[in-house]
Amino acid sequence: LLSSFTERPKLPDNYTQDTWQKLHEAVGAIQSSISIKYNLEELYQAVENLCSYKVSATLYKQLRQVCEDHVKAQILQFREYPFLVHRNDSLDSLLFLKKINKCWQDHCRQMIMIRSIFLFLDRTYVLQNSMLPSIWDMGLELFRNHVISDKQVQNKTIDGILLLIERERNGEAVDRSLLRSLLSMLSDLQVYKESFEQRFLEETNCLYAAEGQRLMQEREVEYLHHVNKRLEEEGDRVITYLDHSTQKPLIACVEKQLLGEHLSAILQKGLDNLLDENRISDLTQTYQLFSRVKGGQQILLQHWSEYIKNFGTTIVVNPEKDKDMVQELLDFKDKVDHIIEVCFQKNEKFINLMKESFETFINKRPNKPAELIAKYVDSKLRAGNKEATDEELERILDKIMIIFRFIHGKDVFEAFYKKDLAKRLLVGKSASVDAEKSMLSKLKHECGAAFTSKLEGMFKDMELSKDVMVQFKQYMQNQSDPGNIDLTVNILTMGYWPTYTPMEVHLNSEMIKLQEVFKTFYLGKHSGRKLQWQTTLGHAVLKAEFKEGKKEFQVSLFQTLVLLMFNEGDEFSFEEIKMATGVEDSELRRTLQSLACGKARVLIKNPKGKDVEDGDKFIFNGDFKHKLFRIKINQIQMKETVEEQVSTTERVFQDRQYQIDAAIVRIMKMRKTLGHNLLVSELYNQLKFPVKPGDLKKRIESLIDRDYMERDKDNPNQYHYVA
């Protein structure tokens with residue numbers, strides 16, 4: 001039978017003292033890096049025993065004292081160091097850093113060993129006393145208080161670290177693991193921020209401020225490559241040896257000094273070149289770097305817009321470039337689109353500003369771009385444009401529509417487009433009906449049905465004319481004398497087509513007879529309509545016999561009338577031809593030029609010469625030769641005469657006057673009474689074309705004169721509608 005112990009066994013006399021002696025020796029051995037006489041388990045057990053007998057508090061104090069004495073002694077080796085050396089004496093500085101690092105590494109290793117022996121104390125007594133630091137923390141506290149907080153040691157350590165970093169920034173190779181170890185020491189000792197980071201950031205700031213100023217003088221485009229390189233280097237420093245918390249202020253400092261301080265200067269020096277030469281990777285880098293800095297994108301946007309306006313203006317305002325203006329605009333638009341997509345990450349702000357800039361420069365020269373775009377479309381839709389497949393043509397038309405959108409005077413485009421469309425339809429020169437219809441639907445979608453109603457009417461006329469001709473052919477077969485001329489007529493509704501000046505000429509009897517037959521046939525079906533023959537648009541195919549054999553000529557009506565005269569004789573003077581045909585003077589000169597001075601010379605002019613003069617004689621060329629059987633003799637084109645251009649433009653202005661008048665009357669009818677400024681702003685909302693305030697004032701005056709509205713008797717700026 002075992003009775004339980006009523007009291008704990010007593011410790012032998014001197015046990016506490018002897019045991020502490022043993023532990024003290026062991027700690028001393030660890031600190032002197034010599035082997036410990038006792039086995040570690042035995043020491044661990046000894047600590048546990050002392051703790052069980054309530055000696056923990058004393059034990060902790062004694063341990064702390066021993067550690068403190070040891071750490072205090074360490075400072076002496078650094079005190080011996082010559083402290084008055086110049087900071088840039090890098091060899092001495094490096095030795096010092098290595099020494100402090102060794103001291104720190106030894107200290108850490110010793111504290112780990114000591115803690116493993118005193119683990120029981122750490123986990124019981126220390127844990128229960130929240131005021132006491134753990135053995136490891138106590139070690140850190142002692143090292144901080146007695147070594148690193150020593151002003152001279154701290155200054156020399158920080159100076160040394162900064163010197164190493166400076167050397168690395170200048171391109172030298174340095175011991176990065178030493179830097180990593182020392183900086184993590186400062187972090188562990190919780191003095192990193194106040195002792196190191198502040199000074200480090202100040203020095204970084206000075207370095208990059210000076211570097212930025214210097215390099216901005218020397219470099220242009222390479223400057224941004226340098227900035228990028230510096231940012232990468234500093235990012236790498238954070239990963240390799242700096243504390244992570246330094247990343248934000250460090251990168252911000254580099255960005256501010258190398259970029260933020262020089263935003264405008266960088267762009268003024270190099271952006272136009274990059275854009276001119278389409279340097280995609282450099283532009284991408286510019287965008288990425290500028291996006292990092294406050295206000296960077298805003299400045300880049302301004303310069304981007306200025307570039308587009310300046311470059312675009314050089315394309316638009318120079319009359320010598322008119323021939324290539326539209327193609328250059330399309331190429332420029334492709335280029336900026338590509339830059340936005342690849343370099344500017346499809347940023348909405350850059351897209352919107354690009355559109356605004358295009359609109360600004362393209363309208364700096366009123367009307368001309370609209371006219372040239374219409375002609376460009378004509379060149380693409382005309383037969384003989386072999387350069388594009390249907391898909392390519394569709395793509396070109398889509399691109400054209402984008403440029404068209406930027407134009408203010410869309411009615412100018414409509415007028416020229418209509419004139420060219422008429423030519424394509426009447427001469428059967430359209431490359432493809434599908435492409436024509438596609439362009440129409442694009443215009444309709446962009447500008448509404450009212451814009452395209454006349455153009456659609458032109459197509460309708462052409463289709464109706466085909467049906468009428470089928471019926472006319474049947475009608476002719478039932479005639480007793482169908483004649484030997486095959487007549488084709490296009491019936492055009494006057495309001496849809498451009499205005500053509502009618503020209504009276506002397507047709508031969510067979511032609512007049514045919515005209516009358518057609519007139520009887522057509523008016524029989526559509527009574528009450530009036531037919532007006534447009535001789536300027538007529539063309540014919542003539543058969544001719546030469547010594548070499550038979551040929552066919554595809555010619556205009558005027559050329560036909562001249563050539564038919566040579567059935568009656570072999571030679572006629574200019575005056576005789578003019579009398580016989582009734583063709584207007586300048587038109588006749590161009591017609592004779594095409595027959596006697598062009599590539600296919602069916603007539604011989606006497607005397608020879610390029611221009612047709614009064615008194616010139618024309619002789620039938622019986623020896624005419626040509627490799628083709630059917631020959632098209634083009635009318636000598638007046639360069640689309642200045643008069644023709646002016647008249648088209650004038651018609652547009654005339655139309656605009658009517659539109660302004662109609663809009664004013666509409667608004668006044670609805671509002672009854674309105675002030676001048678309100679009326680003008682309402683007009684700007686409704687009108688689709690640019691108009692000057694002075695022109696609006698003239699139209700208002702004109703309507704007052706014609707009694708559509710009147711001024712208020714007391715307030716001349718107030719108008720009343722007159723019903």
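**A negative patch and salt bridges between helices α18 and α20**

In the predicted model, the residues D390, E391, E392 and D434 together form a negative surface patch. Helix α18, which covers residues 390-405, contributes the largest share of this patch, namely three residues, whereas D434 is placed in helix α20, spanning residues 433-447. With a relative accessible area of 64%, D434 lies over the 50% limit and is therefore classed as exposed.

The two helices that supply the patch are also joined by salt bridges. E394 pairs with K442, the closest N and O atoms being 2.5 Å apart. Because E394 belongs to helix α18 and K442 to helix α20, this pair ties together parts of the chain that are 48 residues apart in sequence. The partners fall into separate accessibility classes: E394 is partly exposed at 30% relative accessibility, while K442, with a relative accessible area of 14%, is buried. A salt bridge is likewise formed between the side chains of R405 and E446, with an N to O distance of 2.7 Å. Here R405 is located in helix α18 and E446 in helix α20, so that the pair ties together parts 41 residues apart in sequence. In this case R405, at 44% relative accessibility, counts as partly exposed, and E446, at 26%, is also assigned to the partly exposed class.

Elsewhere in the chain, R176 forms a salt bridge with E168, in which the closest N and O atoms are 2.7 Å apart. R176 is partly exposed, with a relative accessibility of 24%, whereas E168 is buried, its relative accessibility being 13%. Both residues take part in a network of salt bridges that links E168, R169, R176, E234, D236 and R237. For the model, the count of salt bridges comes to 50.

With regard to overall architecture, the protein chain contains 28 helices and nine strands. Its radius of gyration is 49 Å, well over the 27 Å that the globule rule gives for 723 residues, and the chain is therefore more spread out than a compact globule. Along the principal axes, the C-alpha trace of the protein chain spans about 155 × 75 × 70 Å. Of the 723 residues, 44% count as buried, a class that includes K442 of helix α20 and E168 of the salt-bridge network.

How values were computed:
Residues numbered from 1 in each chain as written. Predicted model: local features only at pLDDT ≥ 70, side-chain atom pairs only at ≥ 80, totals over all residues. Heavy atoms only, no water. Patch = residues over 30% accessible without salt bridge, like charges linked within 9 Å, V, L, I, M, F, W, Y side chains within 5 Å. Areas by Shrake-Rupley, 256 points an atom, 1.4 Å probe, with all protein chains shown as cover. Salt bridge = Lys/Arg side-chain N within 4 Å of Asp/Glu carboxyl O. Lys, Arg positive; Asp, Glu negative; His and termini not counted. Charge placed at Lys NZ, Arg CZ, Asp CG, Glu CD. Helix = DSSP H or I, 4+ residues; strand = E, 2+ residues; numbered from the N terminus. Buried < 20%, exposed > 50% of the residue type's maximum accessible area, 1.4 Å probe, protein only. Rg over C-alpha atoms; globule rule 2.2 N^0.38 Å.
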